[in-house]
Structures are given as C-alpha cells and as structure tokens.
Amino acid sequence: HLGESYFAFCQAIAENGSASQAYAVDTWQGDVHTGAYGEEVFREIDGYNGEHYGGFSHLLRMSFDEAVGHFQTEGIDLLHIDGVHTYEAVRHDFETWWPKVKTGGVVLLHDSAVRDADFGVWKLLKELRERQLPMAEFFHSNGLGVVLKPGGMPGAGVIPLLFSGDETLRNGMRRYYEILADHLEYRYSALGRQRRADWDVTTQLFWRGEAEGFTEKASIRVAHRLPCE
C-alpha cells in the first residue's frame with residue numbers, strides 16, 4: 001500500500017524504456033493484515049506516481065474483484081499478488097486473475113515464507129506444485145513465489161535462468177538478490193539513524209451491537225501526525 005514493490009516495477013520500466021503499462025490495484029483503506037490507515041497514504045502515493053511515472057502508471061482504487069474486469073483475458077505479462085494473505089483470500093485472488101495472465105507470463109506471490117498467524121501463501125504454493133505448474137521461490141524478505149504460466153517462456157532475462165532446472169544456478173541467483181536486499185535494508189536503516197522523523201498514527205474506532213461482529217463499515221478512522229521532539 002506504500003508502493004514500494006510497485007514503484008520498483010515502475011522504475012524498471014522507466015530505466016529500460018519498456019513499452020509497458022503498469023497498474024496498481026488497492027483500496028488504500030487498509031485490510032485485516034495492514035490495519036486501517038488514513039487518506040494521507042493515498043495522497044502521497046498518487047503524488048509520487050504522477051510526478052515520476054504518470055506516463056504509463058495507473059492507480060486503480062478498488063478491490064481486486066472489482067478491478068479484474070478491466071483487463072482482457074491473457075493480457076497481463078507480470079502479475080504481483082500481495083493483498084490479504086489468508087489461504088482463502090490468496091487462493092481466490094490467484095484463481096480469479098490466472099486467466100488474465102498470458103501464456104508464458106509470470107505471477108509473483110509475496111510472503112511465501114511466512115507461516116505465522118493466518119498467512120497461507122505457502123499452502124497455495126504447495127498446491128500449485130502438486131498441480132505441476134512451473135515454480136521457483138526466493139526465501140529472503142518473507143519469501144516470493146514465482147509461478148510461470150505454461151506454454152511459453154521469455155527469450156531473455158532472469159526468468160529463463162530461474163526455470164532452467166539448474167539448482168546451482170537458482171541458488172546463486174537467490175543469494176545474489178538476498179545480498180542486494182540486505183544492502184538496501186542497511187542503507188535504509190542507516191538513513192533512519194541519521195534523522196529523526198515524525199510518527200504517522202491512525203486511530204480507528206469500531207462500534208457494534210451486542211450480537212454483531214466488528215466491520216470496517218461500522219468504524220471511523222482519524223489520522224494523526226506526532227512530531228518528533
């Protein structure tokens with residue numbers, strides 16, 4: 001929801017001069033795993049997107065189920081699924097969007113290595129392996145599953161190497177990207193130690209009847225910024 005993964009894709013498109021269109025799908029209101037957050041999150045994302053990637057990047061502020069009808073069958077080259085991470089939710093998202101991915105296209109599933117709480121991406125990946133779909137996985141940064149839609153293969157780049165069948169090569173690639181991620185994390189943490197920042201806090205109040213459950217509709221959110229002193 002902060003755009004970190006999505007803007008990495010956008011930056012790759014910009015630097016390589018790829019004739020691509022990118023779409024981010026989110027309500028930018030929060031969910032059961034991220035918690036709720038205020039309107040300032042979307043405003044920041046929207047402003048950054050327009051300033052840096054407005055020529056090819058589009059923000060679709062809606063649910064995944066609402067957005068799927070905006071894309072043609074086998075019209076997507078690369079699909080990144082990173083919504084609610086329960087098994088039921090991620091399986092629904094995968095099955096709903098799978099027909100939209102072209103032959104030889106790729107689906108990325110984030111948090112594949114997380115087995116805490118009710119995360120179930122790992123369980124879906126296990127089922128996809130049993131269906132004998134071409135798969136690979138990175139294990140750092142909570143894990144990333146990579147699923148190739150059978151029937152085609154990009155002619156160059158990382159994907160042919162990742163699905164080459166050479167486990168030594170795959171392990172080397174995993175280690176390479178893990179080192180890069182560690183380096184970026186170190187740089188980010190070092191920057192944070194150099195400057196103190198305000199805290200963005202969102203308060204959410206729920207109400208319900210005696211026999212009712214808590215719902216997002218029966219709630220109100222207020223965003224605060226606490227200055228660092």
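Here are a few worked exercises on the predicted model shown above.

**Exercise 1. Work out how the overall fold of the protein chain is built and whether it is compact or extended for 229 residues.**

Step 1. Start with the secondary structure: the chain has seven helices and 10 strands.

Step 2. Now check the radius of gyration. It comes to 19 Å, and the globule rule gives 17 Å for 229 residues; the two are close, so the chain is as compact as a globular protein of that length.

Step 3. Put a box around the C-alpha atoms along the principal axes, and you get roughly 55 × 50 × 35 Å.

Step 4. Look at the contacts with a separation of 6 or more: 64% of them join residues 24 or more positions apart.

Step 5. Finish with the surface. About 14500 Å² is accessible, and carbon and sulfur atoms hold 53% of that, while 33% of the 229 residues count as buried.

**Exercise 2. Look at Asp 93 and find out what surrounds this residue and which side chain of opposite charge is nearest.**

Step 1. Place the residue: Asp 93 sits in helix H4, which covers residues 87-97.

Step 2. Check for a charge partner. Asp 93 is buried but has no salt bridge, and the nearest side chain of opposite charge, Arg 91, is 11 Å away.

Step 3. See what Asp 93 does touch. Setting aside residues up to four places away in sequence, its contacts are Phe 64 and Ile 81.

**Exercise 3. Decide whether Trp 97 is buried or exposed, and list its contacts beyond the sequence neighbours.**

Step 1. Trp 97 also belongs to helix H4.

Step 2. Its relative accessible area is 5%, and buried means under 20%, so Trp 97 is buried.

Step 3. Skip the neighbours within four places in sequence, and Trp 97 is in contact with Phe 64, Ala 67, Val 68, Phe 71, Ile 76 and Leu 79.

**Exercise 4. Track down salt bridges that link distant parts of the chain, starting from Lys 102 and Asp 77.**

Step 1. Recall the principle: side chains of opposite charge can pair when their charged atoms come close.

Step 2. Searching the whole structure turns up nine salt bridges. One of them joins Lys 102 and Asp 77 at 2.6 Å, N to O. Lys 102 is in strand S6 (residues 101-110) and Asp 77 in strand S5 (residues 76-81), so to speak 25 residues apart.

Step 3. Go back to helix H4 for another pair. Glu 127 and Arg 91 meet at 3.7 Å, N to O. This bridge ties helix H5 (residues 121-130), home of Glu 127, to Arg 91 in H4, with the two positions 36 residues apart in sequence numbering.

Step 4. Add Glu 95 and Arg 131, whose side chains meet in a salt bridge of 2.9 Å, N to O. Glu 95 lies in H4, whereas Arg 131 is in the loop between H5 and strand S7.

Step 5. Check the exposure of that last pair: Glu 95 is partly exposed at 30% relative accessible area, and Arg 131 is partly exposed at 43%.

**Exercise 5. Find which residues form a nonpolar patch on the surface, and say how accessible Leu 205 is.**

Step 1. The patch consists of Leu 205, Trp 207, Ile 220 and Val 222, which together have about 400 Å² of accessible area.

Step 2. Leu 205 lies in strand S9, residues 199-206.

Step 3. With 53% relative accessibility, against a cut-off of over 50%, Leu 205 counts as exposed.

Terms used
Residues are numbered from 1 along each chain as its sequence is written. This is a predicted model: local features need pLDDT of at least 70, side-chain atom pairs count only at pLDDT 80 or more; totals for chains, interfaces and linings use all residues. Side-chain values use heavy atoms; hydrogens and water are left out. Patches are made of residues with over 30% relative accessible area and no salt bridge: like charges are joined within 9 Å, nonpolar side chains (Val, Leu, Ile, Met, Phe, Trp, Tyr) within 5 Å. Accessible areas come from the Shrake-Rupley method with a 1.4 Å probe; for residues, only the protein chains shown count as cover. A salt bridge is a side-chain nitrogen of Lys or Arg within 4 Å of a carboxyl oxygen of Asp or Glu. Helices (H or I, at least four residues) and strands (E, at least two) are DSSP runs, numbered from the N terminus. Buried means under 20% relative accessible area, exposed over 50%, partly exposed in between (1.4 Å probe, protein chains only). The radius of gyration is taken over C-alpha atoms; the globule rule is 2.2 Å times the number of residues to the power 0.38. Contact means heavy atoms within 4.5 Å. Lys and Arg count as positive and Asp and Glu as negative; His and the chain ends are not counted.
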